[in-house]
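Hi everyone, thanks for making time for this. I'd like to walk you through one model today, so let me put it up on the screen.

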Amino acid sequence: MTNKFMIRAIELSIKSVGSGTGPFGAVIVKDNKIISEGFNIVTSSNDPTSHAEIVAIRKACKDLNNFSLEGCDLYTTCEPCPMCLSAIYWAKIEKIYYANTRNDAKKINFSDAMIYEELNKTIKDRTIPMHQIMRDEALKAFDLWDKKEDKVKY
């Protein structure tokens with residue numbers, strides 16, 4: 001493994017700080033080449049989902065014209081948060097290399113602890129109230145999907 005990909009992710013994280021957004025950078029690599037880069041643009045885009053990893057995933061999928069990033073590795077300057085980790089799994093990225101830990105991020109007031117705690121709670125005990133409604137009506141789409149023969153599975 002080469003460190004050049006992590007070095008680039010770190011460069012992006014420093015650039016991100018310079019542009020006034022969070023100190024996070026990420027690159028996606030396929031066949032030993034960077035295919036996508038991203039840094040945190042949450043505050044500049046007014047989009048709370050625009051973490052470095054998500055930005056890089058979106059760019060890679062667009063450039064490859066595919067929702068699957070099988071065969072790709074992610075280099076990120078921090079252990080991915082729960083949202084980014086979920087996106088990484090959905091994208092089918094094969095390996096994650098990270099530099100800083102979630103505890104390092106917590107020291108500079110980027111803490112995911114509350115989200116990890118919420119995920120372990122039952123739905124009724126979560127901070128944001130969740131109410132299930134109209135399940136029977138919504139199941140129609142699931143039934144149609146289940147019976148669809150030409151669906152693209154993901």
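Let's begin with helix 3, residues 52–64. Its 13 residues should span 18 Å at 1.5 Å a residue, and the end C-alpha atoms are indeed 18 Å apart, so the length agrees with expectation. Please keep in mind throughout that this is a predicted model.

Which residues of helix 3 are buried? They are Ala52, Glu53, Ile54, Val55, Ala56, Ile57, Ala60 and Cys61. Notice that Glu53 is on that list; we'll meet this residue again in a minute. As for what these buried residues pack against, the partners are strand 1, strand 2, strand 3 and helix 4. Just past the end of helix 3 sits Asn65, with a positive phi of about 55°.

Now let me zoom out for the overall picture. The protein has 7 helices and 4 strands, and reading from the N terminus the order is α-β-β-α-α-β-α-β-α-α-α. Its C-alpha atoms fill a box of roughly 50 × 40 × 30 Å along the principal axes. There are 154 residues, and 31% of them count as buried. If you take contacts between residues at least 6 apart in sequence, 47% join residues at least 24 apart. The accessible surface comes to about 10700 Å², with 55% of that belonging to carbon and sulfur atoms. And for those who like charges: we have 22 positive and 21 negative ones, and their mean positions are 1 Å apart.

Back to the elements, and this time to helix 1, residues 4–18. This helix has 15 residues and reaches 21 Å between its first and last C-alpha, close to the 21 Å expected. Its buried residues are Phe5, Met6, Ala9, Leu12, Ser13 and Ser16. Why do I put them on one side of helix 1? Because they cover an arc of only 115° around the axis. The face turned away from that buried side carries Ile14, Lys15 and Gly18, which are exposed. On the buried side, the cover includes strand 1 (25–30), strand 2 (33–39), strand 3 (72–78) and strand 4 (95–100). After helix 1 comes Gly20, and its phi is positive, near 90°.

Strand 3 has come up for both helices, so let's pick a residue there: Leu74. Is Leu74 buried or exposed? Its relative accessibility is 0%, so Leu74 counts as buried. Who are its contacts, leaving aside neighbours within four places in sequence? The list is Ala26, Val27, Ile28, Glu53, Ile88, Ile93, Lys95, Ile96 and Tyr97. So there is Glu53 again, a buried residue of helix 3, here in contact with Leu74. One more distance: Val29 is 45 residues away from Leu74 along the chain, yet their C-alpha atoms are separated by 6.3 Å.

Last stop, two backbone angles for you to look at. Lys92 is not a glycine, but its phi is positive, about 65°. You'll find Lys92 in the loop between helix 4 (82–91) and strand 4, and at 32% relative accessibility it counts as partly exposed. Then there is Met134, another residue other than glycine with a positive phi, near 55°. Met134 belongs to the loop between helix 6 (113–120) and helix 7 (135–147). With a relative accessible area of 55%, Met134 is exposed.

That's my tour. Thanks for listening, and I'm happy to go back to any part.

Key: Residues are numbered from 1 along each chain as its sequence is written. This is a predicted model: local features need pLDDT of at least 70, side-chain atom pairs count only at pLDDT 80 or more; totals for chains, interfaces and linings use all residues. Side-chain values use heavy atoms; hydrogens and water are left out. The expected span of a helix is 1.5 Å times one less than its number of residues. Buried means under 20% relative accessible area, exposed over 50%, partly exposed in between (1.4 Å probe, protein chains only). The arc is that of the directions from the helix axis to the C-beta atoms. Contact means heavy atoms within 4.5 Å. Accessible areas come from the Shrake-Rupley method with a 1.4 Å probe; for residues, only the protein chains shown count as cover. Lys and Arg count as positive and Asp and Glu as negative; His and the chain ends are not counted. The place of a charge is taken as NZ of Lys, CZ of Arg, CG of Asp or CD of Glu.
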